[in-house]
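Here is my note on the model you sent over, set out as numbered points. Have the structure open beside you while you read, and we can talk it through afterwards.

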Amino acid sequence: MSELIELKDKTLIDMLLEEQRQVQTPMGRFAEAAEEAAAEQASRFGDLIPLSAPRAGEQYAFQVDLDRCSGCKGCVTACHSLNGLDENETWRDIGMLVGEGERGPALQTVTTACHHCVEPACMIGCPVDAYEKDEVSGIVLHLDDQCIGCQYCVLKCPYDVPKFSPKRGIVRKCDMCHSRLSSGEAPACVQACPHEAIKIVTVEKEEAVARSQDPDSFLPDSPEPGYTKPTTRYVSKKGLPKNMVAGDSHVLRVQHTHWPLVGLLALSQLGVGGFVAAALDLGSLQCNLGYASFLGAWLVFHLGLVCSALHLGQPLKAWRVFLGFRRSWLSREAVILGACSGVSCVAIGAVAAGLFGYLDEFPWLESLQVGAVFATALLGLVGVFTSVYIYVDTRRSFWKLPYSLSKFYGSVALGACAFYMLAAGGASLAMASAFVGLVVLKLVVEAKSFGDNRSSQGLMESVLNPLWKARLSIAALSCVAAMAATRYEGVVVSSIVLLLVCLGELAERVLYFKAVNAPKMPGGLNG
């Protein structure tokens, strides 16, 4: 009876709306199916991700079961698709190890991505603090909106993890799909692996640091784990032969030239050499030729600084480069060379004022002139030291301290000699002999740096051999021009010496970048 009364109180529209609510639409059916799939997925991958967030002193890490990895690249495809990567951009790679064990030849495929290290070299080296290590999860995140595209993290990371995107002008990297992980969902690579070879585990940071002190705890023929303390665990019940090497270990790779950095390092160091020459011979600044030489050094130095801006993917954000001064050598270089630039401008003005006869009217200008010239030279020398450590800090054998120090300050010394000759309008026999000695000594150091590294030596003897011969030829011509400057006075021969020095140092710096051994995780047999 109550149902009849209720039905009587409803209008036709009420009844139609109620009927419509009960009808299952295609969208409703799709939503229900999605909810069921999500529930099924959660139960399917529940054992491949931690059930709770890391506690204090812990963090998330990848664990790879090498016995299960078949090298199918399902993880690579899933990562690429989910993160919308560029055509040739990969955040997860497949490599291969080959060797010989007790049972004969051994082959092992390996999947690798960011190791979310305890002490990330990428984060420590970033000059604008575009990296952060999440306090809860321990995941190393890249802040795209803060990145200036300097690519120093690419050089700092020994695992070839950060990838530069020319289209966006920034670097990007694996973030362990942290947004999915925080929602209780497995990362793309974990879900896509058909053999469940990848899982997310919780590790203690202190344990990861302890394990990194033992090279055998990481993959064979891989970068030294003690540098960044990677957290990725590679497990195998059958074990791997210790003599295994990367499938592409025989491949010689010519590295990126980094033309703007070539210009920055060679020209700025030659300019600093000119500043040092002026500081050692202040009397030459009182004549027009000496001032022209100092002005030439100023122009060469600043041309190098302009080259540095061309290397950035986001140059308009470069003003933030001071943010990493506390721990980044790149940030220190930018700040100190910037200070050198400012003081050098003061020195240029003070010296010009003296040439125009203002010293009698303003006696304090002489003190300003001397102080500015010496400060410019000192800041320049300190700036070159920071440049040395930018590359030494990457721990690449071709860039180790003795070689980088000798090459960079060798450029300063050659620049000082060349600009001194230009200021003097010629060269004494002692100066020319010192110049030739410096050139020979620097070439010996360069040849030694090649010989100490198999990869660099192989490149120098093959694809880079024509460039090395050109470098030797230019160096020989500069020595001949320096000796000629002892007989033919004037700016012409001295200018030729300076030009040849510039060309020679640019060629040397191209070799410095192209021949470096670049560490990375194991790659495939086809290179």
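1. Let's begin with helix 4 (residues 74-82), whose buried residues are Cys75, Val76, Ala78 and Cys79. Buried here means under 20% relative accessible area, exposed means over 50%, and partly exposed is in between, with a 1.4 Å probe and protein chains only. Helices (H or I, at least four residues) and strands (E, at least two) are DSSP runs, numbered from the N terminus. An α-helix has 3.6 residues a turn, so residues three or four places apart point the same way.

2. A word on the ground rules. This is a predicted model, in which local features need pLDDT of at least 70 and side-chain atom pairs count only at pLDDT 80 or more, while totals for chains, interfaces and linings use all residues. Residues are numbered from 1 along each chain as its sequence is written, and side-chain values use heavy atoms, with hydrogens and water left out.

3. What do the buried residues of helix 4 pack against? Their partners are strand 2 (93-101), strand 3 (104-112), helix 8 (188-192) and strand 8; contact means heavy atoms within 4.5 Å. After helix 4 comes Gly84, with a positive phi near 60 degrees.

4. Two of those partners belong together. Strand 2 and strand 3 form a hairpin with two residues between them, and they pair in the antiparallel sense over nine bridges. Two strands count as paired if DSSP finds at least two bridges between them. Within this pair, Ile94 is opposite Thr111 of strand 3. Strands of a sheet pair through backbone hydrogen bonds, either parallel or antiparallel.

5. The hairpin is part of an open sheet of three strands, in the order 3-2-10 with antiparallel pairing. Its edge strands, strand 3 and strand 10 (245-246), each pair on one side only. Strand 2 and strand 10 run antiparallel and are joined by two bridges; there, Leu97 has Ala246 of strand 10 as its bridge partner.

6. Strand 1 (residues 58-65) deserves a look too: seven of its eight residues are buried. With strand 8 (residues 198-204) it pairs in the antiparallel sense over seven bridges, and Val64 faces Ile198 there. With strand 9 (residues 233-235), strand 1 pairs in the parallel sense over three bridges, and Asp65 sits opposite Val235.

7. Which residues does Ala130 touch, leaving out those up to four places away in sequence? They are Leu141, His142, Leu143, Gln146 and Cys147. Ala130 itself is in the loop between helix 5 (121-125) and strand 4 (131-133), and it counts as buried because its relative accessible area is 1%. Please also find Gly324: it is 194 residues from Ala130 in sequence, yet the C-alpha to C-alpha separation is 9.4 Å.

8. Is Gln269 buried or exposed? It is buried, because its relative accessibility is 0%. Gln269 lies in helix 10 (residues 259-280). Not counting residues up to four places away in sequence, it touches Leu264, Val384, Ser387, Phe408, Ser411, Val412 and Arg509.

9. Ala350, in helix 12 (residues 329-355), is also worth selecting. It counts as buried because its relative accessibility is 2%. Outside its neighbours within four places in sequence, Ala350 is in contact with Leu368 and Gln369. Ser411, 61 residues away in sequence, is 27 Å from Ala350, C-alpha to C-alpha.

10. Now for the chain as a whole. Its secondary structure comes to 18 helices and 10 strands, and buried residues make up 50% of its 527 residues. The radius of gyration is 31 Å, whereas a compact globule of 527 residues would have one near 24 Å; this radius is taken over C-alpha atoms, and the globule rule is 2.2 Å times the number of residues to the power 0.38. The C-alpha trace spans about 120 × 70 × 40 Å along its principal axes.

11. One last figure concerns how the chain folds back on itself. Of the contacts between residues at least 6 apart in sequence, 75% join residues at least 24 apart.
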